[in-house]
Amino acid sequence: MISKPRGTRDFLPDEKEERVRTYGALRETAKLFGYREVETPTFELAELFIARSGPEVVDQMYTFEDRGGRLLALRPELTASVARMYSAEMRSIPKPLKLFYFGNCYRYERPQKGRYREFAQFGAEVIGNDSPAANADLIGMAFRNIAAVGLDEYVFRIGDLRVLRAILGDDATPEVMRLIDKKDPGLKAVLPDRADAILDSRIDEVRSIVGDDVMAEYDELTGILDAMDVNYEFDVGIARGLDYYNGIVFEADAPALGAEKQVCGGGSYDLGGVVGIEGLKATGFAMGIDRLILAREKDDAVGPIANVYIAALDDAAIPVALSVGQRLRTAGIPTDIGLGSARPNKAIKAALDRGCSSVILIGEDELAANTVTVKDLATKEQTTVPVDSIVDNLS
Ligand code: HAM
């Protein structure tokens, strides 16, 4: 037996149904906020990500050469793709543009609970504006998205890379940024004077180091979020792994997940140079759909597979079963059909297992009279109905 690649998953029907419901809740929320859905390719020219996604993401990228000798990559994320799409095809559309997307992403990571090599993201981007108002709109939407999928326990953390850089000055080396990103106490040995203020996110101490001017956008954003009743914490230590961020940054954690608890990440960025537009202001976020599903209370309500189950009681009735099924489906009635002949009690069990409210039985007598027998599974009532009236009978 050939197994699936490490870090990938199969979703069986019940799980898939739960995922589809989650996608639906996220999509509905995004529309509620006036964002429009887009889709980009699963693979891109690798240079798109190499240019600005940052060394961590590039090291984890799945790349391959196609037959034309081009270096392609399975997307590790979608922000660079959306920026590319915008610069190629959407520049003439009035800004700000508010877009959202779903997509599977690929990163060669060490798999564990909540961390996969193929995972699904839902994300949103505001292109043409990275103001506090734009970030507040996005964070407000992320907030509603998390609530809409049924996750109750989470924490939003907000920081600003300009504040972090102002604290660090020339000490903003990749190593220091990594220690900060991991909230590593080892930072104390490298930056003894500032490590505590950074690691504990002491806002007053940070403010006294950098001054009110550098904190101005953070203050404006959080003022709006307060008015929107959005809860958050100050976290000066959000460094984000992707290199394109340049201002406000934010993350949400679901503590129930343990080590891989980040369910959302984003912030203001500039991808203009990469896609050929200088000074493209934008902000956005992405959520890990797999983690959202893992973190919330299990939602295993499985809906009925069909309303009606049709069973032929005799092989000769199979064509009629299928033609009656076709009529019902054309009329919009979800219908499942047994593909062979069955005894009535087996057919009724199959119908109940599928959550159907009625079963249609077609045997020799029904064939001869051009009728079907309809059994209502709630009332147990059984009626004989001419084939031509079946749709009216069940609607
Ligand atoms: P990111 O923080 O790299 O940001 O990914 C966003 C979310 O994807 C994470 O918070 C996490 O929930 C989920 N995620 C990441 N890697 C994995 C994995 N291996 N397995 C499961 N889930 C994972 C971005 O991708 C940016 N493009 C977000 C953004 C949009 N920034 C601006 N606009």
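This passage describes the domain division, the ligand site and two backbone features of a predicted model.

The protein is divided into two parts, with domain 1 spanning residues 13-295 and domain 2 spanning residues 308-394. The centres of domain 1 and domain 2, taken over C-alpha atoms, are separated by 52 Å.

The ligand takes up the space of the largest pocket. Around the ligand there are 26 residues, of which Glu77, Thr79, Glu109, Tyr245 and Gln262 come nearest. By class, this shell is made up of 11 nonpolar, eight polar and seven charged residues. Several strands contribute to the shell: strand S6 (118-127), strand S10 (262-269) and strand S11 (282-288) each supply at least two residues. Of the elements involved, S10 gives the most, with six residues.

Polar contacts to the ligand involve both side-chain and backbone atoms of the protein. For Tyr245, a polar side-chain atom lies 2.6 Å from a nitrogen atom of the ligand. In the case of Gln262, the atom concerned is a backbone N or O atom, and an oxygen atom of the ligand lies 2.7 Å from it. Both Tyr245 and Gln262 are also among the residues that come nearest to the ligand. A further contact is made by Phe285, where a polar backbone atom is 3.3 Å from a nitrogen atom of the ligand. On its own, the ligand has 660 Å² of accessible area, and the protein covers 96% of this area.

Two features of the backbone were also noted, each located in a loop between a helix and a strand. A cis peptide bond, with omega at about 0°, joins Lys95 and Pro96. Pro96 belongs to the loop that runs between helix H4 (79-90) and strand S5 (97-106). The second feature concerns Asp229, a residue other than glycine with a positive phi, its value being near 60°. Asp229 is placed in the loop between helix H11 (212-227) and strand S8 (233-234).

Key: Residues are numbered from 1 along each chain as its sequence is written. This is a predicted model: local features need pLDDT of at least 70, side-chain atom pairs count only at pLDDT 80 or more; totals for chains, interfaces and linings use all residues. Side-chain values use heavy atoms; hydrogens and water are left out. A residue is near a molecule or strand if one of its heavy atoms lies within 4 Å of it. A polar contact is a pair of N or O atoms within 3.5 Å; within protein, one must be able to donate a hydrogen and the other to accept it, and residues adjacent in sequence count only if both atoms are side-chain atoms. Accessible areas come from the Shrake-Rupley method with a 1.4 Å probe; for residues, only the protein chains shown count as cover. On a 1 Å grid over the protein atoms alone, a cavity is a set of points where a 1.4 Å probe fits but cannot get out, and a pocket is an open set with protein on both sides within 12 Å along at least five of seven lines; lining residues have an atom within 4 Å of a point. A molecule sits in a cavity or pocket if more than half of its atoms lie within 2 Å of its grid points. Helices (H or I, at least four residues) and strands (E, at least two) are DSSP runs, numbered from the N terminus. Ala, Val, Leu, Ile, Met, Phe, Trp, Tyr, Cys and Pro count as nonpolar, Asp, Glu, Lys and Arg as charged, and the others, Gly among them, as polar. Domain bounds come from an automatic or database domain assignment.
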